[in-house]
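Reader: Hi, I have a new protein to go through for class. Can we look at it together?

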Amino acid sequence: MNNHLFVLCSELLNYETFTGKYVVTIEPPVDTKSNTARKLLPSPMAFTLINITTRHRVFAKNRFFFSTKPYKSQILKLSFSNEKTNYRMQISLANLLQRYGIPPSQLHSFISKNQFLLNSNNLNDLDKSLSILLSFKITQKSLVSLINDCPGVLDVQFLKKWEVGVLKFGDLGLSPLVVRNFLELSRRFEIDPDGVFQTMKVLKGLGFSEGTLNRVLEEFPRVILMNEGEVCRKIEFFEGIGISGEGIERIFSFFPGVIGFDVEDRLKLLLDEFCHWGFGEDMIRKEIVREPRVLSMELGEFSRCLELLRSLKCREPIKWKIFGEGAFRAGFEVKLRVDCLCKHGLIRREAFKVLWKEPRVMTYRIEDIEKKIEFLVHRMKFNVDCLVEVPEFLGVNFDKHIVPRYNVIGYLRGKGGLGSEVGLKDLIKPSRLRFYNLYVKPYPECEKLYGRFSGGEVKSRHPVGLWKLFKPPSYPESKEDVRNMKAFMETLV
């Protein structure tokens, strides 16, 4: 028993430190209730590690209990050696992945999620797999996302099959992103390269151009899981409403996801909804070809957007801008802005509320709205939920209204010139003159930051001397004119 404990302690505390300085005392566990030195269990023993020099117990509070059955120290030694081997394997694996472009910040999470890579005793296979993936001319960003999304593609036997299969796609002119999508789907759904190649020939036979085919396979790669009849039904639907072949190709190119929609349960019902609001077939056909993404609307979403537009209360010039391209287009623009707000954290009900309160949002481009939201969240450190209470933030000019006021408040906050915290409402809602009188006028150094009502003389709208052109011409007065004027004035008296 002593030998087994000695081996165990030497493994736990390092043999060099243990020898000659520490001793092990074996004692039975004590029953604290009865203060009797009796065994609590039939077989366990306790040991205490004592420093010979100081006579202090190293494990005075924490006692370890072990069975009196024969103990195989080789098992413990093996566990320690396995941990060292596992650690070396992690380092080698991390170096290999980092060499092929995996960011160091993602290495720990990637290895922890894919422990099967550590079970592989041969890193050469993994090295071959990564080199084959790079031979497909996949970009480093796409390669990292592929390995993160589907680590199974690192199987070297799977990639060797695709190394031969990719050669068949050379005549089709497929982009590396399409090959990346094929690898992920074929690994997930166990599709061999020959099956994918046959699907490609079917799509090519439907009359798609090379550019449209690449676009479809990049945005909607699951088309390779569909049969020819499903794709043909979509084409027949668009032909049935009078869209030409060129228009159908444009629809598939700009919105490839429409191939995955069901004709009866989605497309026809959406078309009926458009007709319900009084739009003719010619206008619907024209708008679909012009902007195929209108087909991405959920059932009932278009009706809600038009109801919002009808209930708007705003100035006529703003309404003219909103409805400048027609009610159909205006309804789709509302949908785009609702999706933009939802993407940044608002729910749909809050997004519609923001647009109803601040219709000017619909006159700004999506890029401008996203720019304002990013400034609000990352620079001003406000939550996106503040837009529900202060929707005017999205309706004012970014460069002339938001940035100058934020610069002034930021300067005063850093200087300690604010008596209380200024919220988003106090920052946006005051008029230009009121904001100037409150925060800029008392501090002359803020006038350059604000840029309005500051800087001395106000520039005239017209060039100097232009008033002379509007001065009535003067004529010389004769004696007769003077007599006539006196006579006229005498009649008035």
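Author: Sure. Take S253 to begin with: leaving aside its neighbours within four places in sequence, S253 is in contact with T212 and R215. Keep in mind that this is a predicted model.

Reader: Where does S253 sit?

Author: S253 is in helix α13, which covers residues 245–254.

Reader: And is S253 buried or exposed?

Author: Buried. The relative accessible area of S253 is 18%, and the cut-off for buried is under 20%, so S253 makes it.

Reader: Zooming out, how many helices and strands does the protein chain have?

Author: The protein chain has 26 helices and three strands.

Reader: What share of the residues in the chain is buried?

Author: Buried residues make up 38% of the 493 residues.

Reader: What about contacts between residues far along the chain?

Author: Take the contacts with a separation of 6 or more. Residues 24 or more positions apart account for 67% of them.

Reader: How many residues are in the largest nonpolar core?

Author: That core has 124 residues. Those with the most contacts inside it include F136, L183, F252 and V258.

Reader: Which helix gives the most to this core?

Author: Helix α18, residues 327–343, gives eight residues.

Reader: Why would nonpolar side chains be together like that?

Author: In soluble globular proteins, nonpolar side chains tend to be buried together.

Reader: Back to V258. What is V258 in contact with?

Author: Leaving aside neighbours within four places in sequence, V258 is in contact with K234, F238, I251, F252, L267 and L295. F238 and F252 are also listed among the core residues with the most contacts.

Reader: New topic. How many disulfides are there?

Author: Zero. A disulfide is a covalent bond between the sulfur atoms of two cysteines.

Reader: Take two cysteines, then. Is C150 buried or exposed?

Author: C150 counts as buried, because its relative accessibility is 7%.

Reader: And how does C275 count?

Author: C275 is at 36% relative accessibility, so it counts as partly exposed.

Reader: Now pockets. What volume does the largest pocket have?

Author: About 230 Å³. It is lined by 13 residues, and the closest to its centre are K321, I322, E325, E333 and M362.

Reader: Which helix gives the most to that lining?

Author: α18 again, with five residues. Helix α17, residues 316–322, supplies at least two.

Reader: Last one. What is the accessible surface of the chain?

Author: About 30,100 Å². Carbon and sulfur atoms hold 53% of that surface.

Key
Residues are numbered from 1 along each chain as its sequence is written. This is a predicted model: local features need pLDDT of at least 70, side-chain atom pairs count only at pLDDT 80 or more; totals for chains, interfaces and linings use all residues. Side-chain values use heavy atoms; hydrogens and water are left out. A nonpolar core is a set of buried Ala, Val, Leu, Ile, Met, Phe, Trp, Tyr and Cys residues joined through side-chain atoms within 4.5 Å. Buried means under 20% relative accessible area, exposed over 50%, partly exposed in between (1.4 Å probe, protein chains only). Helices (H or I, at least four residues) and strands (E, at least two) are DSSP runs, numbered from the N terminus. Contact means heavy atoms within 4.5 Å. A disulfide is a pair of cysteine sulfur atoms within 2.5 Å. Accessible areas come from the Shrake-Rupley method with a 1.4 Å probe; for residues, only the protein chains shown count as cover. On a 1 Å grid over the protein atoms alone, a cavity is a set of points where a 1.4 Å probe fits but cannot get out, and a pocket is an open set with protein on both sides within 12 Å along at least five of seven lines; lining residues have an atom within 4 Å of a point. Grid points are joined across faces, edges and corners, and a volume is the space filled by probe spheres set on the points.
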